[in-house]
Amino acid sequence: MSYLKIILIAVVSCLVIATVLLLKWKFEKPPVMATWIWDTTTLTKDKDNMLAFAEEQGVNVIFLHIDRKSKDFEPYRAFVEEAHELGIEVEALGGDPTWGLTGYRQEIDSFIGWMENYQSAVGDQAEFDGIHMDIEPYLLEEWEEDRDDVVRQWMENVAYLADRMKRDASLRVSADVPYWIHKIPARDDGNLGAWMINRLDRVVLMNYRNFAIGENGIIENALPMIREGTRAGKPVIVGLETAPTDEGEHVTFFGKGASSLHRQMQLSHIFMRGHTGYQGFSIHDYKNWKAASESSPQ
């Protein structure tokens, strides 16, 4: 048998195996399928569309951004209550890069105050299931000036918020973290990724790549933190991007269509499901994911 024929047989075999594995996805979904909803200015008008799309995509967790300036709880109450009727959990989403600095802790207190007022004003069926932080202090100038000090402040603020929420209510506390966070030292606690996993109930890994297999792909970048989650007995959710970005074509599924997103999720799931720390996916964000689903794949 010629060398070329052996290569051809190997390639065909790999394709057959990949096809069988991809078909298995239909019968095996990850425990968590989540999305972020940032624009809540039209929450009342768009609620039905948002929840219909979530149900169609198998979403069971929504990170819903809250406007702390709003004293009108009704749009949130109606959304959360109806989501719960559909079996979808909702976490209150908040954050800003400055929340990583202790000098801005009053912003965290404002968020907690809004949550406390909301939870006490609505019935059990409309209560949030948790809070979800999106802080990202590495976007600040201070990160370049003194990263170690910013890391220290970030850890202190995350611990402060988590302790406050656990003291006043038994809410789940989760956060978005970059996929490379395990590379950042964290005092005597090993690495910052491991510290976040141990401190929080779960994390969402901003693992923004649009291909599953290969160097710098979804699987390779996610595995270090998934292994940390496995060691700690804590869940790690893999975040994927569908919004336009200037960070490179490899970062987002924008313009590639929903079919590409689903294929790469399927492949990633197959390779990561053996790790107990892996819990599923979160798609950023609802608005762009819905647009991708409505457009024809390219």
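Biologist: Quick one to start: are F73 and Y118 buried or exposed?
Modeller: F73 is buried, and Y118 is too; that is under 20% relative accessible area, with a 1.4 Å probe and protein chains only. This is a predicted model, where local features need pLDDT of at least 70, side-chain atom pairs need 80 or more, and totals for chains, interfaces and linings use all residues. Numbering runs from 1 along each chain as its sequence is written, and side-chain values use heavy atoms, without hydrogens or water.

Biologist: Cool. How many aromatic pairs are there?
Modeller: The count is 15, taking Phe, Tyr and Trp rings (the six-membered one for Trp) with centres within 6.5 Å. One of them is F53 with W289, edge-to-face (planes over 60 degrees apart) at 5.2 Å centre to centre and 85 degrees.

Biologist: And where do F53 and W289 sit?
Modeller: F53 is in helix α2 (residues 43-56) and W289 in helix α10 (residues 286-294), 236 residues apart. Helices here are DSSP runs of H or I with at least four residues, and strands are E runs of at least two. Both F53 and W289 are buried.

Biologist: Back to F73 and Y118, then: what is the distance centre to centre?
Modeller: It is 5.4 Å, and the pair is edge-to-face with 85 degrees between the planes. F73 is in the loop between β2 (61-65) and α3 (74-85), while Y118 belongs to helix α4 (residues 105-121), 45 residues apart. Together with Y76, W114 and F128, they form one aromatic cluster.

Biologist: Which residue lies over the face of Y160?
Modeller: R105 does, at 4.4 Å from the ring centre. The rule asks for Arg CZ or Lys NZ within 6 Å of the centre and within 35 degrees of the ring normal.

Biologist: New topic! How many cavities of 30 Å³ or more does the count give?
Modeller: Just 1, with about 40 Å³ of space. A cavity is a set of points on a 1 Å grid where a 1.4 Å probe fits but cannot get out, and lining residues have an atom within 4 Å of a point.

Biologist: Which residues line the largest cavity?
Modeller: M133, D134, I135, W154, V158, A175, D176, V177 and M196. Strand β5 (172-178) and helix α6 (147-168) each give at least two of them, and β5 has the largest share, with 3 residues.

Biologist: Last one: how far is the C-alpha of D48 from that of E82?
Modeller: They are 9.1 Å apart, for residues separated by 34 along the chain. D48 lies in helix α2.

Note on methods:
1 Å grid on protein atoms, 1.4 Å probe; cavity = no way out; pocket = protein on both sides within 12 Å on 5 of 7 lines; lining within 4 Å. Points joined across faces, edges and corners; volume = space filled by probe spheres on them. Phe/Tyr/Trp six-rings, centres within 6.5 Å; stacked < 30°, edge-to-face > 60°. Buried < 20%, exposed > 50% of the residue type's maximum accessible area, 1.4 Å probe, protein only.
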